[in-house]
Amino acid sequence: MKQAMIFAAGLGTRLKPLTDTMPKALVRVGGQPLLWHVVMKLRAAGYERIVVNVHHFAQQIVDYLEANANFGFDIRISDETGGLLETGGGIKKALPLFDPASPVLIHNVDILSNLDLNALPTDAPLLVVSQRKTKRYLQFDDDRRLIGWKNVETGEVKGREGTALAFSGIHLFHPSLAPLLSEWPARFPIMDFYLKACANHLIRGYEAADLLLMDVGKLDTLEAANDFLKQL
């Protein structure tokens with residue numbers, strides 16, 4: 001089964017004042033909510049089940065999906081209204097809603113891209129990465145295995161240094177890692193989990209050729225996002 005999780009629980013503070021009255025997932029780009037763009041991308045790639053986690057203005061997202069009849073396929077809600085669980089905790093809470101034998105594509109709601117989701121290998125955990133400027137880089141060895149992380153502003157390093165690539169906000173959580181989640185608390189960042197797991201488990205970096213990707217996380221990117229959609 002092809003299944004995915006859309007991270008839509010965040011407060012969207014960088015999109016204030018829009019997110020003072022709505023969740024980031026329902027902020028519109030190109031005439032449609034960010035959530036719509038990701039759902040349509042997943043549907044076009046043949047995904048059958050989607051879990052959306054919710055927290056900030058959660059009911060608005062639930063109402064939007066219900067008003068659109070879940071766009072005709074299996075969409076489930078992972079409710080974090082009791083407290084944000086961060087990315088790792090969000091996955092841990094949502095896992096019972098998935099088929100445990102199949103990998104789960106994780107996709108931030110504010111990421112627009114031309115990534116071919118069907119080109120992603122599914123035999124191991126996978127982080128979609130690219131060569132772009134950022135403050136924090138994942139580190140990979142010559143075989144594109146995750147080996148560490150570095151903050152280039154502070155010099156902080158976790159694990160080891162290698163080839164530096166930027167994380168895209170899209171990754172594949174593999175069933176082989178699910179048993180490790182029991183050691184983690186209810187709330188934690190998934191990248192901390194990956195950086196610990198990579199010492200003993202293969203976690204690959206996937207660099208797509210000719211990748212166009214935009215993080216629509218700030219007000220000043222909204223207008224640029226409308227032009228970006230035309231490129232896609």
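**Entry 1: what covers helix H4**

I began with the cover over the buried residues of H4, and it includes helix H3 (86-94), strand S8 (126-130), strand S9 (136-140), strand S10 (146-151), strand S11 (157-159) and strand S12 (163-173). I counted cover by contact, meaning heavy atoms within 4.5 Å. Helices (H or I, at least four residues) and strands (E, at least two) are DSSP runs, numbered from the N terminus. A word on the source: this is a predicted model, where local features need pLDDT of at least 70 and side-chain atom pairs count only at pLDDT 80 or more, while totals for chains, interfaces and linings use all residues. Residues are numbered from 1 along each chain as its sequence is written, and side-chain values use heavy atoms, with hydrogens and water left out.

Which residues of H4 are buried? I found Ile-190, Met-191, Phe-193, Tyr-194, Leu-195 and Ala-197. Buried here is under 20% relative accessible area, exposed is over 50%, and partly exposed lies in between (1.4 Å probe, protein chains only). Since 6 of the 8 residues of H4 (residues 190-197) are buried, I noted the helix as largely enclosed by the rest of the structure.

**Entry 2: helix H3**

I turned next to H3, where Gly-88, Gly-89, Gly-90, Ile-91 and Ala-94 are buried. The cover over them includes S1, S4, strand S5 (74-79), strand S6 (104-108), S12 and H4. So I have H3 in the list for H4, and H4 in the list for H3.

**Entry 3: aromatic rings**

I searched the whole structure for aromatic pairs and got 6. One of them is Trp-184 with Phe-193, an edge-to-face pair at 5.7 Å centre to centre, with 65 degrees between the planes. For the record, rings of Phe, Tyr and Trp (its six-membered ring) pair if their centres lie within 6.5 Å; planes under 30 degrees apart count as stacked, over 60 as edge-to-face and the rest as tilted.

Are Trp-184 and Phe-193 buried or exposed? Trp-184 counts as buried at 16% relative accessibility, and Phe-193 is buried with a relative accessible area of 1%. I also noted one aromatic cluster made up of Phe-173, Trp-184, Phe-188, Phe-193 and Tyr-194. Phe-193 and Tyr-194 were already in my list of buried H4 residues.

**Entry 4: backbone oddities**

I looked along the backbone and stopped at the peptide bond from Lys-16 to Pro-17, which is cis, with omega near 5 degrees. Pro-17 sits in the loop between strand S1 (3-7) and strand S2 (28-29).

Phe-57 then caught my eye: it is not a glycine, yet it has a positive phi of about 50 degrees. I placed Phe-57 in the loop between strand S4 (49-54) and helix H2 (58-67). Its relative accessible area is 32%, so it is partly exposed.

Asp-210, also a residue other than glycine, has a positive phi near 55 degrees. I found Asp-210 in the loop between strand S13 (204-207) and strand S14 (213-215). Asp-210 counts as exposed because its relative accessibility is 70%.

**Entry 5: two buried residues and their partners**

I picked Leu-42, in helix H1 (residues 34-44). Leu-42 is buried, with a relative accessible area of 0%. What does Leu-42 contact, leaving aside neighbours within four places in sequence? I listed Ala-4, Ile-6, Tyr-47, Ile-50, Leu-105 and Leu-117. Leu-42 and Ile-6 are 36 residues apart along the chain, and their C-alpha atoms are separated by 9.9 Å.

My other pick was Met-214, in strand S14. Met-214 is buried too, at a relative accessible area of 17%. With neighbours within four places again left aside, Met-214 is in contact with Asp-110, Ile-111, Leu-112, Thr-221, Ala-224, Ala-225 and Phe-228. I also checked Leu-229, 15 residues along the chain from Met-214, and the C-alpha atoms of the two are 9.5 Å apart.

**Entry 6: the whole chain**

Last, I stepped back and counted 5 helices and 14 strands in the protein chain. Of its 232 residues, 48% count as buried. Among contacts with a separation of 6 or more, 73% come from residues 24 or more positions apart. The C-alpha trace spans about 45 × 35 × 30 Å along its principal axes.
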